[in-house]
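Student: I should like to learn how the features of a protein model are read, step by step. Where should such a reading begin?

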Amino acid sequence: VVEVRAAGVHKGAYVTRVLLDRSPSDAVLCIGDDRADRDMFRALPDTAIAVHVGRGDEHAKYRIESPARVRALLARLLGPTPIPERT
C-alpha cells in the first residue's frame, strides 16, 4: 500500500479540526482498520471510543474482528429503524 498525501495532512489532523466544534457531551466513536488510522486514534480525546477492525492495534482501546461485525454493532447502536406511517 502506498499512501500519497500532503505533508502534515493525515486523519489525526482532520479529526482534531472536526472535534473543535463538538459539544463536551457529544459521544465520539471512531472505527478504523489500517495503519493510516493510528494518527486518528492518537488525536482522539480520552473520552472517545476507538475501535480497530482486525488484528489488534495498540492505539485503539477496543478491537472488533471484521467489517461485518462493525455493521452489526452499528445496527445495534442505531436500533430498529421505524417504518413511517402512511397518511
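Student: In what pattern do helices and strands follow each other along the sequence?

Tutor: One begins with the order of the elements. In this predicted model, the succession along the sequence is α-β-α-β-β-α, made up of three helices and three strands.

Student: What is the order of the strands in the sheet, and is the pairing parallel or antiparallel?

Tutor: For a sheet, one reads the strand order and then the sense of pairing. Here the three strands form an open sheet in the order S1-S2-S3, and the pairing is parallel. S1 and strand S3 (62-64) are the edge strands, each of them pairing on one side only. The average turn between neighbouring strands of this sheet is 25°, with direction ignored.

Student: How many bridges join S1 and strand S2?

Tutor: S1 pairs with strand S2 (residues 49-53) over four bridges, in the parallel sense. As for individual positions, Cys 30 is found opposite Ala 50 in S2.

Student: Which strands does helix H3 lie across?

Tutor: For a helix on a sheet, one reads the strands involved and the angle. Helix H3 (residues 67-78) lies across S1, S2 and S3, and runs at about 165° to S1.

Student: Let us turn to a single residue. Where is Asp 37 placed, and is Asp 37 buried or exposed?

Tutor: Asp 37 belongs to the loop that links strand S1 (29-32) with helix H2 (38-43). Its relative accessibility is 3%, so Asp 37 counts as buried, the cut-off being under 20%.

Student: Which residues does Asp 37 touch, leaving aside those up to four places away in sequence?

Tutor: With that exclusion, Asp 37 touches Lys 11 and Gly 32. The side chains of Asp 37 and Lys 11 are joined by a polar contact of 2.5 Å.

Student: How does the radius of gyration of the protein stand against that of a compact globule of 87 residues?

Tutor: One sets the value beside an expectation for the chain length. A compact globule of 87 residues would have a radius of gyration near 12 Å, whereas the protein has 16 Å. Along the principal axes, the C-alpha atoms fill a box of roughly 55 × 30 × 25 Å.

Student: What share of the residues counts as buried, and what is the accessible surface of the protein?

Tutor: Of the 87 residues, 23% count as buried. The accessible surface is about 7300 Å², and carbon and sulfur atoms hold 54% of that area.

Methods. Residues are numbered from 1 along each chain as its sequence is written. This is a predicted model: local features need pLDDT of at least 70, side-chain atom pairs count only at pLDDT 80 or more; totals for chains, interfaces and linings use all residues. Side-chain values use heavy atoms; hydrogens and water are left out. Helices (H or I, at least four residues) and strands (E, at least two) are DSSP runs, numbered from the N terminus. Buried means under 20% relative accessible area, exposed over 50%, partly exposed in between (1.4 Å probe, protein chains only). A polar contact is a pair of N or O atoms within 3.5 Å; within protein, one must be able to donate a hydrogen and the other to accept it, and residues adjacent in sequence count only if both atoms are side-chain atoms. Contact means heavy atoms within 4.5 Å. Two strands pair if DSSP finds at least two bridges between them. Axes are lines fitted to C-alpha atoms, for helices over the stretch in contact, and angles run from 0 to 180 degrees between N-to-C directions. The radius of gyration is taken over C-alpha atoms; the globule rule is 2.2 Å times the number of residues to the power 0.38. Accessible areas come from the Shrake-Rupley method with a 1.4 Å probe; for residues, only the protein chains shown count as cover.
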